[in-house]
Amino acid sequence: MGLNGVPILTLITWAPFAGAVLIMFTARHHPLAVRLIAAVATGISLLLSVVVYVAYDADAAGFQFYEKVALVPLLGISYEIGADGISLVLVLLTAIIIFSGVFASWTVATRSQEFYALLLTLVTGVFGVFVSLDLFLFFLFYELAVLPMYLLIGIWGTSAQIRPRGIFGWAIRETGVGSKEYAAMKLTLYLLLGSAFILVGILALYMAAGGSSFSFLEMEGAAFDPVVQRWVFLLFYGGFGVLAGIWPLHTWSPDGHSSAPTAVSMLHAGVLMKLGAYGIVRLGMGLLPEGTHDWVALIGTIATINIIYGALSAMAQTDLKYVIAYSSVSHMGIVLLGAATLTEAGLNGSVFQMFAHGIMTGLFFALVGLVYEKAHSREIFRMGGFGRMMPGIATAFTVGGLSSLGLPATAGFVAEFLTFLGAWRSTHSWWLFPAVAGTFLTAVYVLRVVKQIFWGPAPLHGEFHDLPDAKGPEWVALVLLMFVIVLFGMVPGLAIGPIDTATLPLLTRLGAWP
Amino acid sequence: MIDAGTLALAALGLPFGAFVLLAVVAPLRRAGRAAGALSVAAVGGSLLAALILWRTFPEAGADTVELAWSWLPAEGGALATVGVLVDSVAAVMLVLVALVSFLVQLYSLGYLEDETAPALGRYFAYHSLFAFSMIGLVLASNFLQMFIFWELVGLCSYLLIGFWYAKPEAARAAVKAFWVTKAGDLGFILGIVLLWAQAGTFGFSELFKMADDKTLPLGGLSLIMFLIYLGAVGKSAQFPLHVWLPDAMEGPTPVSALIHAATMVAAGVYLVTRAYPLFLQTPDVLVLIGWVGAFSALLAATLGLVQADIKRVLAYSTVSQLGYMMAALGAGAVGAGFFHLLTHGLFKALLFLGAGAVIHAVGTNDIWKMGRLFGAMPQTGIVFLVGTLALAGIWPFAGFFSKDAILAGVWEGGLTVPFLMLALTVFLTAFYMFRVVFVVFFATGHAEGHPHDPPLVMGGPLWTLAGLTAGVGILFAVGGGGEEAHGPSWISPLSLGLALAGIAFAWLTYQRRAVSAEMLARRVRPLYVAALRKFWLDDLYGGIYRGVILGLSWVVGWVDRYLVDGLVNLASAWTMRGGDRLRRIQTGRAQDYLYGVAFGLLLVIVWSYWH
Amino acid sequence: MSLEAAAFWGLALVLLASGLAVVLSKNLFHSVLYLALALVATAGLFLLLQAEFLAAVQILLYAGGVITIVVFAIVVTERLVGERLVQTNRGIVNGGLVSLAVLIAIIIFVTRATLPQTPPPPPADLTQAIGRDLLTRFVLPFELLAVLFLAALLGALFFARKEE
Amino acid sequence: MGLQPYLILAAVLFCIGLFGVLTRRNAIGILLGIELMLNAVNVNLVAIARYAADPAGLVFTLFTISITVAEVAVGLAIVILIFRVRRTVEADHLNLLKG
């Protein structure tokens, strides 16, 4: 039970929710108290997830820190949680991102109480998904993680200007593309559509396994009929794939992430998209080995489309947040490609990329938020020469960018390299080439943006004259994220060690490991 | 006696420590000169370690020393390791890197004295990172680690070219350098991945052993080695990826001396040298390397003829000399190529630092705005002349011996056409370098301001390098090098003669004005125009960038916004419109709704007829 | 033609005629009076069907209660408007067609069904049967009806109260 | 005499009421139409109860009549209220439900 009898995963999961309740009941009209409670609650989660990370016994492997309490014995629903190497890494990622997210959005002014309460509730959902070992519980947490987003974007978001041109211009005008209400609605509808698939899939598995238990571990033992496997896997892929941003179901992501407030973008692009990939790997591949083999060619091929298409789209954007959002689409391609290779290196790379991309995209959105807060603009080609005024932000942006383009000694490289190795060893070795080309395209758009915004002559007058650098609490977020990027880039074994203990059993079940 | 592994790690660790300190301790970095002192001290330590290592190495026991730690864990042993691999090549290269780094950093303290303290701190942080990365590259024990440091030196190059990031040209040049080398690196990483799939390891030692035992699967190895060579093409500025190097001259001159002349650009040559046992398995790739090298040498020499910017002349000469080294490697004269790498590292650093002293004094890069500087700055003139003579390949300077060895090697290797190209390049090299020397130091013209010799902190490194350039050559002249022995005896006179002819022609043209440069240009007008336009390669790449990449991205962006997302919005808009239409049924009049009730009643009744 | 049949057709004629008058009369007040007539004729039909109790209820509640309320309402509104309420129809064609269609449909439905030709012998005491059923079989609806009345009472009071 | 004439009579009465409800302009007129329709239903109920010899139909009729009274009371209260607010009882003008 837990760690030395302490239900540590429960603590990690529910600490943010406790913070949210506390905020709603005690901290009315005390913005500072709201932030402090949020920082403490997420700080507890971060601290405990580091403890769990260190305490994880790599030799024993499997799910550890196991807890189980029966909830509805009649239907076989229980509060059953535990963590293996993959979950651990993602729990740590979540904790890091939300902790820095609280600091990066220190300046949210309007209704900060409700903002933080919703944000923390959402995080509880995310933690819950990563540690759930009961499919029903998994789905509950999943919805908890997805739904508050509507309010967070709809109320605290920002709107962008999209010029309604092209053949469907009237449709763009009519639906109000670019407005935060549009973004919130689009994101919610897409993700709810996805969860409908997931729910059907989960129920189908529940029925196929005898209808007596939602337990993941019990379902792992059940051998599902090949037909069930094939179609349920497709349901999972479609459902989770929406959240993972697979092409062509990705378009909620740029609009949603661009409109969302800083901490929400960080969390959503940094962690929630991983939720989708995690779902595919954990439920899809973990429970449906034959289904996986049926669809793996499709997954990998779409992933390569994601990589190239996302990078090219990112290059075409003029709004900084859209660039970052599309880069997420591109990088999620690496995650899914790695998983689709069904090789040790590829799967490790996939999970590592979930972590690496989470951190770097969190850093990016934090920075974009800061730049926007100071310059009140996200139009890349209107900015220029910010490096002299905000060297700290410029440095952090460069670090994030370098990780994004897969520069060695950053976490991004390790993930991409492992994925490359896996891709060439997979049954579709041609996947390697678009993946490698994607890194070049990333280099093109990232450095172009860095050059345009931070380099060049500093503006001597006008609206961008004399902007301040990041300060105070904001540095906490930036330094933490940069540190993690470089640390895991230089010592990847920190993450690969635990990940490997979880991917090997998975590959064994998939028959891809002797 | 400290063992070789420890020394290597010390050489590697000191600059890294300095970099971490400078990166993390902001007050130290913002202190400027203190940061410089720390960085110089660290790289000085590295130099010391490198020298000890070099002197003691052959006695250290085995002829290679290897240390390795697991880096990427995997089931059943590490997937990849990091470590150091020291052999005689690495030891010598280590000395060169540490030495030039040390001298250049020292020189920078004087050269960049006008910079603000934070900028200076940043500069030295980058330099420390570069020293660490370059030493790491030299000591890398496997392909993956080499790639890691390979990219890191690329990063430093990018950051240092863009050191004056407020200058739009510098910003553009930095990004261009990164992109072009990255394009080559795509090949490198593909090659590594494929090689790993083929051989199951990244390690040099294991791979060489497999090559020795003939257990290395040869299928596809040509492709793999070609891909790895592509990395070297980008980094070592070989045709057709040489275009970034001249633009990289936007960086501070010491940076050009260190990174874009002596060390980083030689990394490609070092890579081929390092992996030579593998390249030996694929003779077709080697031939290609030889041809590309010779062609790059010739092409860059012609480009060097028309430049007005002193640093650009030197940049093209770097491309040209790198071509020599590659040609030697391609022809099998690996010793000669590596030897030229070392001597070139010394005299090209010298030339750049000398040029830097001139630029520092005059305030411009344009050679036509200089003239008669020898009188004003004789020390600079002398050391520059030493460097130029070495570069031109005049006995008894270092360049003569290495270049001679290369020519002999290429001839012996049977690459006749490349040999002719290289021989022609000897003439052109002497011509364009002495063109610079005469125009800048001797010919009429006047420079603005009051040029004077640099202070000691800059002069010291200059004289050190000049001494080494001359000293190494004299050492060979007296002791007789091992490399030039096995060529036909006519090669030395030929190359010396060609070089002297080039000098003489330059003297006639630019000193005596006996030959009109304009007339020469008119004679070979197509070539002249082509050289001025850099053989349209930059235009081609610009076109690819703007037309293909940006064009494609525009198309994809459009498709995404207006088709992929557009269809979604269309469905959404149709739903909204449909709702709007349907809304009008709701007239709000109760009686109209009753019609609905009546129809419903009718339906129920009619439906009941069938039941 | 028996006496019963003659009574039926006579009542039917009155019922339909007054019904038409209700929906066609221009004068709202006349409409109400015709409605009263129709209700009374219906009560006659109830008598014919030997439902004397219901006939009584019909006359008391409907013809008595409803008509009174409606007249009262008309008076109130007319006084508020200050003019005679003129009652016209619109969409006569549409309404007529739909009504006719429904009529035809129902008639076809009715004619297709097999219906008893003669009534069974009348029960002993219908009123007593109603009372028993009301308090046994239908006691729940009966009680609910009480609640409904209360709601209607309160609702009517609420709607019709004076604005304060 | 059979059940059929009663049912047809009720049907005709029902349709007359329906016609009134559909075409009347005045809200009170519409209410009168509804009364006619309900009345037709009552006729049906009573007739069927008689021919089926089941007093349930009579109980239902009782209910219907009672409910109708309540309905008329509430309906007219609403009409008066609307009249007070809108100064009209023309059904065409009462279109707050318009979409």
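Here a biologist and a modeller talk through a predicted model, asking what lies behind the words used for it.

Biologist: Let's start with two helices of chain B, α4(B) and α16(B). What makes α4(B) roughly parallel to α16(B)?

Modeller: Their axes come within 10 Å and cross at roughly 5°. Angles under 35 degrees count as roughly parallel, so that label fits α4(B) and α16(B).

Biologist: Which residues make that contact?

Modeller: From α4(B) you have V89(B), V92(B), L96(B), V100(B), V104(B), Y107(B) and Y111(B). From α16(B) come F338(B), L342(B), G345(B), A349(B), L353(B), G356(B) and H360(B). Sorted by kind, the contact residues of α4(B) and α16(B) are eleven nonpolar, three polar and no charged.

Biologist: On to chain D. Why is chain D called more spread out than a compact globule?

Modeller: Set two values side by side. The radius of gyration of chain D is 16 Å, while the globule rule gives 13 Å for 99 residues. The value for chain D is well over the rule, so chain D is more spread out than a compact globule. You can also look at the C-alpha trace of chain D, which spans about 50 × 25 × 20 Å along its principal axes.

Biologist: What is chain D built from, helices or strands?

Modeller: Chain D has three helices and zero strands. From the N terminus on, the order is α-α-α. As for burial, 61% of the 99 residues of chain D count as buried.

Biologist: Now the loops. Why is K214(B) called exposed?

Modeller: Count its neighbours: K214(B) has 8 other C-beta atoms within 10 Å. A residue is exposed if that count is 12 or fewer, so K214(B) is exposed. You'll find K214(B) in the loop between α8 and α9 of chain B. Its phi is near 60°, a positive value in a residue other than glycine.

Biologist: And what makes Q50(C) count as partly exposed?

Modeller: Q50(C) has 15 C-beta neighbours inside 10 Å. Buried needs 20 or more and exposed needs 12 or fewer, with partly exposed in between, so Q50(C) counts as partly exposed. Q50(C) sits in the loop between α2 and α3 of chain C, and its phi is also a positive value, near 60°.

Biologist: Where are the cis peptide bonds you mentioned to me?

Modeller: One runs from W247(A) to P248(A), with omega near -5°. P248(A) is in the loop between α10 and α11 of chain A. Another runs from F239(B) to P240(B), with omega near 5°, and P240(B) is in the loop between α9 and α10 of chain B.

Biologist: Last topic, the chains together. Which chains share the most contacts?

Modeller: Of the four pairs of chains in contact, that is chains C and D. The contact takes 58 residues from chain D and 73 residues from chain C. On the chain D side, α3(D) gives the largest share, 21 residues.

Biologist: How do you know that chain A and chain C do not touch?

Modeller: A contact needs C-beta atoms within 7 Å. For chain A and chain C, the nearest C-alpha atoms are 36 Å apart, and the two chains do not touch. No contact joins chain A and chain D either; their closest C-alpha atoms lie 19 Å apart. Chain A does meet chain B, with 46 residues of chain A in contact with 48 residues of chain B.

Key
Residues numbered from 1 in each chain as written. Chains lettered and ligands numbered in written order. Predicted model: local features only at pLDDT ≥ 70, side-chain atom pairs only at ≥ 80, totals over all residues. Axes fitted to C-alpha atoms, helices over the stretch in contact; angles between N-to-C directions. Helix = DSSP H or I, 4+ residues; strand = E, 2+ residues; numbered from the N terminus. Parallel < 35°, antiparallel > 145°, perpendicular 65-115°, else oblique. Nonpolar A, V, L, I, M, F, W, Y, C, P; charged D, E, K, R; others polar. Rg over C-alpha atoms; globule rule 2.2 N^0.38 Å.
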